[in-house]
Amino acid sequence: MRLRVYLLLANAVSILLIVVILVFLYQYMLLSERQLIWLTLASLGAGLLSALLHFLLVRPVEAAVRQVGEGSARIADGDLGARVPLVGPAELKTLAGQFNEMGGRLEASFRQLQAAEAARRELVANLAHDLRTPLASLQAYAEALEDGIVQDEPTQRRYIATIRGESIRLGTLIRQLFEISTLDAANAALPESLAVMARTAAGPCVLEDVLVELLPRFAPSLDARGLRLHVSLPDAPLVCGLAAESLTRILQNLIENAVRHSPAGGLIRIAGQPADGGMVRVSVADEGAGVRAEDRARIFERFYRADRARGRDGGGAGLGLAIAKSLAEQAGGRIGVEDGNAAGPSGGAGSGSAFWFTVPAGRGGPAGGAQADARNARTESAATNV
C-alpha cells in the first residue's frame with residue numbers, strides 16, 4: 001500500500017469513528033430533532049474538512065519520501081551524483097540531508113576506488129616494463145655468449161659487464177619493491193601511538209654524522225660525471241628524532257636522484273637547518289632540467305616518472321622518491337620539491353630542483369663551539385673527499 005493511501009485511510013477511519021461516536025451520544029442528550037440533525041451535519045462537515053486538510057498536508061510528506069526513493073533508485077543504477085532537495089517537515093529534511101551526505105561519501109569512495117584501480121594498472125604496467133627491459137638484455141647477451149657469436153675477449157668482457165649491470169638493476173628494483181612493501185605493512189599494522197614509539201625507539205641521530213658516513217659512498221658516481229658536492233649546515237649539530245638508518249635511506253635516495261639528473265660537471269647542494277614547530281629541514285638540490293609544476297603533485301608516487309627530466313632514460317625505477325616519502329611521513333615529517341633556484345644561489349630558469357624533507361628534531365642541545373667546529377670540519381672533509 002502506498003504511503004499516501006495508508007495515511008489518508010488511517011485518517012478517514014479515525015474521523016469516521018469519532019463521528020459515529022458523537023452521533024451515538026447525541027441520542028442520549030436532551031436535544032430536539034432539529035438540533036440533532038445540525039450537530040450531526042456539523043460533525044460530518046468537520047470530519048470532511050479534517051480529511052481535506054490531512055490530504056493537503058500529506059502531499060509534501062509524500063513528495064519528500066518519493067524524492068528520497070527516486071534518489072535511492074538513481075544511486076542503485078550507478079548515478080552516485082544523485083541528490084535530493086531538502087523539502088517537507090524537519091524530520092524529512094534531516095533524512096534528505098543524511099541521504100545526500102551518504103551519497104557524497106559513496107561518490108568519494110567510488111572515486112578513490114577508481115583512482116586506486118588506475119594506480120594499480122599503472123603500477124603493474126610500469127613494473128612489467130622495468131622487469132622486462134633488463135630481462136630481455138640478460139637473455140640477449142647470455143644467448144650471444146652461449147652461441148659463440150662473440151669471439152674477441154674485449155667484447156665478451158663488455159657483454160659480461162652488461163649482464164652484471166642488468167643483474168644489479170634487477171636486484172635494486174626487487175630490493176626497493178620489498179622495502180616499500182615493508183614500509184606499507186609497518187604503517188598499516190601500527191596505530192599512531194605505537195608508530196611514534198617505533199620510529200623513536202632507536203634514538204635520535206645527528207645529521208652531520210649521517211652525512212659523514214653516507215657521502216663517501218657516492219665518490220665513484222660523482223667522479224665519473226665530474227659532479228661537485230657542497231654541504232651547508234649550521235654551527236650547532238642538527239639532532240633528528242629518528243633512527244640513523246631511516247635518515248640515511250632518505251638522504252641516499254634523494255642524493256641518488258640528484259646524481260642521476262645532474263648534468264656533467266654540475267653542483268649538488270645539501271643543506272640542513274632548524275625549522276618551525278620543532279622540526280629539522282634538509283634539502284638536496286641539483287642543477288638538472290627540473291620538475292614541471294604539473295608533475296610535482298605525483299613525483300613521489302610509485303613508478304611515476306615525469307616524461308621530460310625524469311623519464312625512463314634516467315635509469316631510475318621510480319621507487320626511490322616513494323620510499324623517501326614513506327620514511328619521512330612515518331617519522332612525522334613531510335617531503336616536497338621546489339625550484340632549485342629557490343634553495344640556493346645558482347639560479348635562473350631551469351636551474352634544477354630542490355627536494356626537501358622535514359623530520360622532528362631530537363632531544364639534545366647545541367654543542368659547544370669547539371665541538372661544533374669539529375663536526376663541521378668532519379662534514380666538509382667528507383664532502384671534499386667525495
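Biologist: Let's start with Asn253. Where is Asn253 found?

Modeller: Asn253 is found in helix α8. Keep in mind that this is a predicted model.

Biologist: Why does Asn253 count as buried?

Modeller: Buried means under 20% relative accessible area. Asn253 has 11% relative accessibility, so Asn253 counts as buried. Other residues of α8 are buried too, including Leu247, Ile250, Leu254 and His261.

Biologist: Which residues is Asn253 in contact with, leaving aside its neighbours within four places in sequence?

Modeller: Asn253 is in contact with Gly320, Ile323 and Ala324. Those three residues belong to the α10 side of the contact between α8 and α10.

Biologist: Why are α8 and α10 called roughly antiparallel?

Modeller: Let's look at the angle. α8 and helix α10 (residues 320-330) pack at about 150°, and their axes are 9 Å apart. Angles over 145 degrees count as roughly antiparallel, and α8 and α10 are therefore roughly antiparallel to each other. Their crossing is left-handed.

Biologist: What makes the contact of α8 with α10, by class?

Modeller: The contact has 7 nonpolar, 4 polar and 1 charged residues. Among the residues making it are Arg249 and Asn257 of α8 and Leu321 and Leu327 of α10.

Biologist: Now for another helix pair. Why is α6 called oblique to α8?

Modeller: The axes of helix α6 (residues 207-214) and helix α8 (residues 244-261) come within 10 Å and cross at roughly 55°. Roughly parallel needs an angle under 35 degrees, and roughly perpendicular runs from 65 to 115. The crossing angle of roughly 55° fits neither range, and that makes α6 oblique to α8. The crossing of α6 and α8 is right-handed.

Biologist: Which residues of α6 make the contact with α8?

Modeller: Leu207, Val210, Leu211 and Leu214 do so from α6. On the α8 side, the residues include Ala244, Thr248 and Gln252. By class, this contact has 8 nonpolar, 2 polar and no charged residues.

Biologist: How do you know that the span of α8 agrees with what its 18 residues should give?

Modeller: At 1.5 Å a residue, the 18 residues of α8 should span 26 Å. The end C-alpha atoms of α8 are 26 Å apart, which agrees.

Biologist: Let's finish with a strand. Why does Ala354 count as buried?

Modeller: Ala354 is found in strand β7 (residues 353-360). The cut-off for buried is under 20%, and Ala354 has 0% relative accessibility, so Ala354 counts as buried.

Biologist: How far apart in space are Ala354 and Asp339?

Modeller: They are 5.9 Å apart, C-alpha to C-alpha, and 15 residues apart in sequence.

Definitions and conventions. Residues numbered from 1 in each chain as written. Predicted model: local features only at pLDDT ≥ 70, side-chain atom pairs only at ≥ 80, totals over all residues. Heavy atoms only, no water. Axes fitted to C-alpha atoms, helices over the stretch in contact; angles between N-to-C directions. Helix = DSSP H or I, 4+ residues; strand = E, 2+ residues; numbered from the N terminus. Left-handed = near helix turned anticlockwise from the far one by under 90°. Contact = heavy atoms within 4.5 Å. Nonpolar A, V, L, I, M, F, W, Y, C, P; charged D, E, K, R; others polar. Expected span 1.5 Å × (residues − 1). Buried < 20%, exposed > 50% of the residue type's maximum accessible area, 1.4 Å probe, protein only.
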